[in-house]
Amino acid sequence: MSKINDVLVIGAGLAGLTAARVLADAGKRVQLLDKSRSVGGRLATRRIGEGRADTGTQFFTAHDPEFQAFVERWLEEGIIFEWSRGWSNGSLEETRDGFPRYAAKDGMNALAKHLAAGLDVRINTEIVTIQHLACGWIVTDKENTIFEGGALVLTPPMPQSLKLIEASKISLDPAVFEQLSSIGYEMCLTALLHVDGEMALPAPGAMQRPHANLSWIADNRRKGISKTHIITIQMGGNYSRALWALPDDQILGKLRVDLEPLMGGDSWSILEAQIKRWRYSRPLNPMSVTHVLTGVANDSGSDETRPLLFAGDSFADAKVEGAFLSGLHGARALVGKMS
Ligand SMILES: Cc1cc2nc3c(=O)[nH]c(=O)nc-3n(C[C@H](O)[C@H](O)[C@H](O)COP(=O)(O)OP(=O)(O)OC[C@H]3O[C@@H](n4cnc5c(N)ncnc54)[C@H](O)[C@@H]3O)c2cc1C
């Protein structure tokens, strides 16, 4: 058995990292657990040869004053920069909202690594079962390593969190379970193309077409995070679902056909191509509350309940800002319940 923690946080994406920081600052012993090889979740950046590409989140906006204050601090610390105030064919032409769009200087994953500094994070740790015993929450990973904590925070995309809850036979209040089960996610096929030459993308090197098959095209070199021209291309939700089961080479074949009329093909050629599949990219119907904090009775049948917090971008208007606010407010509520 590992050390006994006050709180176990499953998922070291933005919501989990933010929640863990609030809990640690409140004096709680926190263990973060993530199945991936790095922290960050969908704040993901991949190296391709000499280059680099953001593969998940491309940029974020800030509307909430508390989130804005954190954004100001990250700007001052030199972690993030303002990339644009909108995109050709997307927000710039359709809405002209003029809000700053931020990105991280060394790729989005660098922001996650910055937030993880000083936290106790265990990566390559996929949690497969959860138990609630008289002594507290016990979670077990694929290697049968056990972690124990007084409270549990679940931050994976909601369908993944609920799969874990169901597989572990944890009984939630039926009304809570029904609400959480209604949250669905959009799939996103993402292509990463290392190209020789330059695509004719409008300034600042990205194009957004919200309702098109290829909904986002961006050059990571022009974004300033890559030495070479690595292009990130996201396919829209319907198109991603339609192509999902095809092998990568067939998806890339269709993508070339879609790209040709948009970008021509004379000034650039593809040196290397990869496909990244995001089964859960963005929630289709996030809950308007910032989190759900509930209590679960332990398996021994006593009346005692232990806190279980659901947080992440399934709440608070989704996206980067929503995930942050969910982690922040969820953890504060948990601290209140534990003290
Ligand atoms: C392709 C794409 C493009 C996007 N573009 C934008 C954008 O431009 N702007 C914007 O604001 N947002 C964008 N988003 C959404 C944004 O990335 C997310 O809303 C946000 O990063 C979610 O953070 P999170 O912490 O809630 O979840 P995640 O980042 O998904 O974190 C959850 C973590 O849980 C871990 N996990 C899951 N199951 C287990 C388990 N059983 N055991 C251990 N660990 C587990 C995962 O490895 C992951 O690290 C995009 C997302 C995608 C995929």
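## A walk from the ligand outwards

Start by selecting Ala 15 and the ligand: a backbone N or O atom of Ala 15 sits 2.9 Å from an oxygen atom of the ligand. Keep in mind as you go that this is a predicted model.

Next, add Gly 41. One of its polar backbone atoms is 3.5 Å from an oxygen atom of the ligand. Then pick Phe 59, where a polar backbone atom lies 2.6 Å from a nitrogen atom of the ligand. How much of the ligand's accessible area does the protein cover? Of the 1,000 Å² that the ligand has on its own, 95% is covered by the protein.

Now widen the selection to everything around the ligand. You should pick up 35 residues, and the closest are Asp 34, Arg 42, Thr 57, Phe 59 and Asp 313. Try colouring this shell by residue type: 13 are nonpolar, 15 are polar and seven are charged. If you show the cartoon as well, look for helix H1 (14-25), strand E15 (268-283) and helix H10 (319-338), the elements that each give two or more residues to the shell.

Time to zoom out and colour by domain. Select 4-35, 124-183 and 285-338 for domain 1, then 48-97 and 185-283 for domain 2. Go back to the ligand for a second with these colours on: its shell draws at least three residues from each of the two domains.

Put a marker at the centre of each domain, taken over C-alpha atoms, and you'll find 31 Å between them. Where the two domains are in contact, domain 1 brings 17 residues and domain 2 brings 14. The area buried between them is about 1,300 Å², with 68% of that coming from carbon and sulfur atoms. Which three residues supply the most of what domain 1 buries against domain 2? Select Val 320, Glu 321 and Phe 324, which together account for 42% of it, more than any other three residues.

Finish with a few backbone oddities. Most residues other than glycine have a negative phi, and most peptide bonds are trans.

- Go to Ala 203 and Pro 204, which are joined by a cis peptide bond with omega of about 5°. Pro 204 is in the loop between strand E11 (185-197) and strand E12 (206-208).
- Jump to Asn 124, in the loop between strand E7 (121-122) and strand E8 (127-133). Its phi is positive, near 50°.
- Last stop is Asn 144, with a positive phi near 70°. You'll find Asn 144 in the loop that runs between strand E9 (136-141) and strand E10 (146-154).

Technical notes: Residues numbered from 1 in each chain as written. Predicted model: local features only at pLDDT ≥ 70, side-chain atom pairs only at ≥ 80, totals over all residues. Heavy atoms only, no water. Near = heavy atom within 4 Å. Polar contact = N/O pair within 3.5 Å; in protein donor to acceptor, adjacent residues only side chain to side chain. Areas by Shrake-Rupley, 256 points an atom, 1.4 Å probe, with all protein chains shown as cover. Helix = DSSP H or I, 4+ residues; strand = E, 2+ residues; numbered from the N terminus. Nonpolar A, V, L, I, M, F, W, Y, C, P; charged D, E, K, R; others polar. Domains from an automatic or database assignment. Contact = heavy atoms within 4.5 Å. Buried area = accessible area lost by both parts, 1.4 Å probe.
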